[in-house]
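Colleague: I'm new to reading protein models, and I'd like to learn with a real one on the screen. Could you take me through it, feature by feature?

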Amino acid sequence: MTILIAMTNTENKKEPGEDGLHEFTLHIGGRDLTCLVEKQGNNLKVNIDNNTTAELEVHWDGSISQVSGNTLPDSEIEFIKKHVLGHDV
């Protein structure tokens, strides 16, 4: 079974790269899910729809690795990277 993941952009009130809470929408499987990401330095604490949590670590070269929580698909990690850090995917 394949689940279609399409991510859409809603207004993120924080500037890319700023520490603090970033909020945007992920469109997954026909549903709009709220994605909250708390950026503290090189750590990103992710909460998707109050159901999925994960912690990501930003490395010196701009790459990101997941260090804990529910496993996120690479496409979601890249989308988060784009919206929270301002990096193009």
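What follows is a chat about how to read this predicted model, starting with confidence and ending with backbone angles.

Colleague: Where do I begin? What is the mean pLDDT of the protein chain?

Modeller: Good place to begin, as pLDDT is the predictor's confidence in each residue, from 0 to 100. Here the chain averages 84, and 79% of its residues reach 70 or more.

Colleague: Which elements have the lowest and the highest mean pLDDT?

Modeller: Strand β1 (residues 5-6) has the lowest mean, 45, while strand β4 (residues 43-48) has the highest, 97. Look at the start of the chain too: over residues 1-9 the pLDDT stays under 50. The model does have 22 contacts beyond four places in sequence for that stretch. Where pLDDT is low, though, the predicted coordinates should not be read in detail.

Colleague: Okay, on to the strands. In which sense do β2 and β3 pair, and over how many bridges?

Modeller: They pair in the antiparallel sense, over nine bridges. To see one opposite pair, find Ile 28 and look across to Arg 31 in β3. Then go on along the chain: β3 and β4 also run antiparallel, joined by six bridges. There, Glu 38 has Lys 45 of β4 as its bridge partner.

Colleague: And the turns of those hairpins? Which residues take a positive phi there?

Modeller: In the hairpin of β2 and β3, with two residues between the strands, Gly 29 has a positive phi near 55 degrees. The hairpin of β3 and β4 also has two residues between its strands, and there Gly 41 has a positive phi near 65 degrees.

Colleague: Next, charged pairs. How many salt bridges does the structure hold?

Modeller: Two. To find one, look for a side-chain nitrogen of Lys or Arg within 4 Å of a carboxyl oxygen of Asp or Glu. Asp 19 and Lys 39 qualify, with their closest N and O atoms 2.9 Å apart. Asp 19 sits in the loop between β1 and β2 and Lys 39 in strand β3, so this pair ties together parts that are 20 residues apart in sequence.

Colleague: Are those two partners buried or exposed?

Modeller: They're a mixed pair. Asp 19 counts as partly exposed at 43% relative accessibility, whereas Lys 39 counts as buried at 8%.

Colleague: What else does Lys 39 touch?

Modeller: Leaving out residues up to four places away in sequence, the list includes Gly 17, His 22, Leu 44 and Val 84. A polar atom of the Lys 39 side chain also lies 2.9 Å from the backbone oxygen of Gly 41.

Colleague: And the other salt bridge? Which residue pairs with Arg 31?

Modeller: That's Asp 49, with the closest N and O atoms 3.3 Å apart. Arg 31 is in strand β3 and Asp 49 in the loop between β4 and β5, so the pair ties together parts 18 residues apart in sequence.

Colleague: I also see histidines. What do the side chains of His 22 and His 27 reach?

Modeller: Take His 22 in strand β2. At 0% relative accessibility, His 22 counts as buried, and its side chain reaches the backbone oxygen of Glu 18 at 2.8 Å. His 27 is in strand β2 as well, but counts as partly exposed at 24%. The side chain of His 27 makes a polar contact with the side chain of Asp 32, at 2.7 Å.

Colleague: Now the inside. Which residues touch the most other members of the largest nonpolar core?

Modeller: That core has 19 residues, and Val 46 and Ile 80 touch the most other members. β2, β3, β4, β5 and α1 each supply at least two residues, and α1 gives the most, with five. Click on Val 46 and you'll find contacts including Cys 35, Leu 56, Leu 72 and Ile 80.

Colleague: Last one: which residues other than glycine have a positive phi?

Modeller: Two to look at are Asp 49, with phi near 55 degrees, and Asn 50, with phi near 50 degrees. Asp 49 lies in the loop between β4 and β5, and Asn 50 is in that loop too. Asp 49 is partly exposed at 33% relative accessibility, while Asn 50 is exposed at 71%.

Note on methods: Residues are numbered from 1 along each chain as its sequence is written. This is a predicted model: local features need pLDDT of at least 70, side-chain atom pairs count only at pLDDT 80 or more; totals for chains, interfaces and linings use all residues. Side-chain values use heavy atoms; hydrogens and water are left out. Helices (H or I, at least four residues) and strands (E, at least two) are DSSP runs, numbered from the N terminus. Contact means heavy atoms within 4.5 Å. Buried means under 20% relative accessible area, exposed over 50%, partly exposed in between (1.4 Å probe, protein chains only). A polar contact is a pair of N or O atoms within 3.5 Å; within protein, one must be able to donate a hydrogen and the other to accept it, and residues adjacent in sequence count only if both atoms are side-chain atoms. Two strands pair if DSSP finds at least two bridges between them. A nonpolar core is a set of buried Ala, Val, Leu, Ile, Met, Phe, Trp, Tyr and Cys residues joined through side-chain atoms within 4.5 Å.
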